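Let's take a walk through this model together, starting at the ligand and ending at a pair of rings. Have the viewer ready.

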Amino acid sequence: MPIPQTNDMPSLFPLEHPLVSCHLTTLRDKTTSSSDFRATVHRLSMLLAFAATRDLLMTDRSIETPIQPMVGKMLLNRIGVVPILRAGIAMVDAMLDMIPTAEIWHLGLYRDEETAKPVRYYDKLPPGEPVEIAFVLDPMLATGGSAILACEVLQEWGVKRIKMLSIISAPEGIERLQRQLPEIEIHTCAIDECLNDRKFIVPGLGDAGDRIFNTTGR
Ligand code: PRP
């Protein structure tokens, strides 16, 4: 099936919208509870999903309304949603609300606290035909190491088109992902100032995984 080409399109898509700005403030606020944090990640993921799917190709689908037959539309390509464990899990339901027919493939990566390099600990991609378009989900793009590794794993599987959906991103991670894998589209709700010396996004929102799963260990 044809895959939309992006060669002459920019690869970075910041999502600017009043709802995004307000929900982001809730997310960044350190007093936000874990349950509100999860709900806010869901809301932002819906908005991000809406923006990142605007160029999906469609094909005709014949139906009958209660009044008469008509030709409607359905998505053409086989879509994969790929959350990076753990934090990406919180974005899955929003994506599935938008694309109920999508396949979900999990990639387990964590960032080593000493080196800030990603460590791959789980994936179960099938040996058969890859999905045609993959949406990689992770609330945070910091150094970019996890996103790059996830995209490389998907490219090894044979995925032709990949869109990275992150809620907040650091300029350093965006620059690195664009340099190493310029074909990847990056959709993000915010581009923050920088990384600190521990490679955390500034001003950021802390550790998304811990805040989502209430494992901050207070
Ligand atoms: C965080 C985040 C990304 C990664 C971003 O995950 O959710 O996966 O770090 O950092 P990077 O761009 O520098 O690679 P973390 O390692 O904390 O794992 P978790 O989701 O299990 O909490």
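The ligand occupies the largest pocket. Here a pocket is an open set of points on a 1 Å grid over the protein atoms alone, where a 1.4 Å probe fits and protein lies on both sides within 12 Å along at least five of seven lines; a molecule sits in it if more than half of its atoms lie within 2 Å of its grid points. Please keep in mind that this is a predicted model, with local features needing pLDDT of at least 70, side-chain atom pairs counting only at pLDDT 80 or more, and totals for chains, interfaces and linings using all residues. Residues are numbered from 1 along each chain as its sequence is written, and side-chain values use heavy atoms, leaving out hydrogens and water.

Around the ligand you will find 15 residues, with Arg111, Asp138, Ala142, Thr143 and Ser146 the closest (a residue counts if one of its heavy atoms lies within 4 Å). At least two residues of this shell come from each of β6 (107–111), β9 (140–141) and α4 (145–157).

Now look at the polar contacts, pairs of N or O atoms within 3.5 Å. The side chain of threonine 143 places an N or O atom 2.5 Å from a ligand oxygen, while a polar backbone atom of glycine 144 is 2.9 Å from a ligand oxygen.

Finally, the structure has two aromatic pairs, meaning rings of Phe, Tyr and Trp (its six-membered ring) with centres within 6.5 Å. Tryptophan 105 and tryptophan 157 have ring centres 5.7 Å apart and planes at 70 degrees, so they pair edge-to-face (over 60 degrees).

Terms used:
A polar contact is a pair of N or O atoms within 3.5 Å; within protein, one must be able to donate a hydrogen and the other to accept it, and residues adjacent in sequence count only if both atoms are side-chain atoms. On a 1 Å grid over the protein atoms alone, a cavity is a set of points where a 1.4 Å probe fits but cannot get out, and a pocket is an open set with protein on both sides within 12 Å along at least five of seven lines; lining residues have an atom within 4 Å of a point. Helices (H or I, at least four residues) and strands (E, at least two) are DSSP runs, numbered from the N terminus. Rings of Phe, Tyr and Trp (its six-membered ring) pair if their centres lie within 6.5 Å; planes under 30 degrees apart count as stacked, over 60 as edge-to-face and the rest as tilted.
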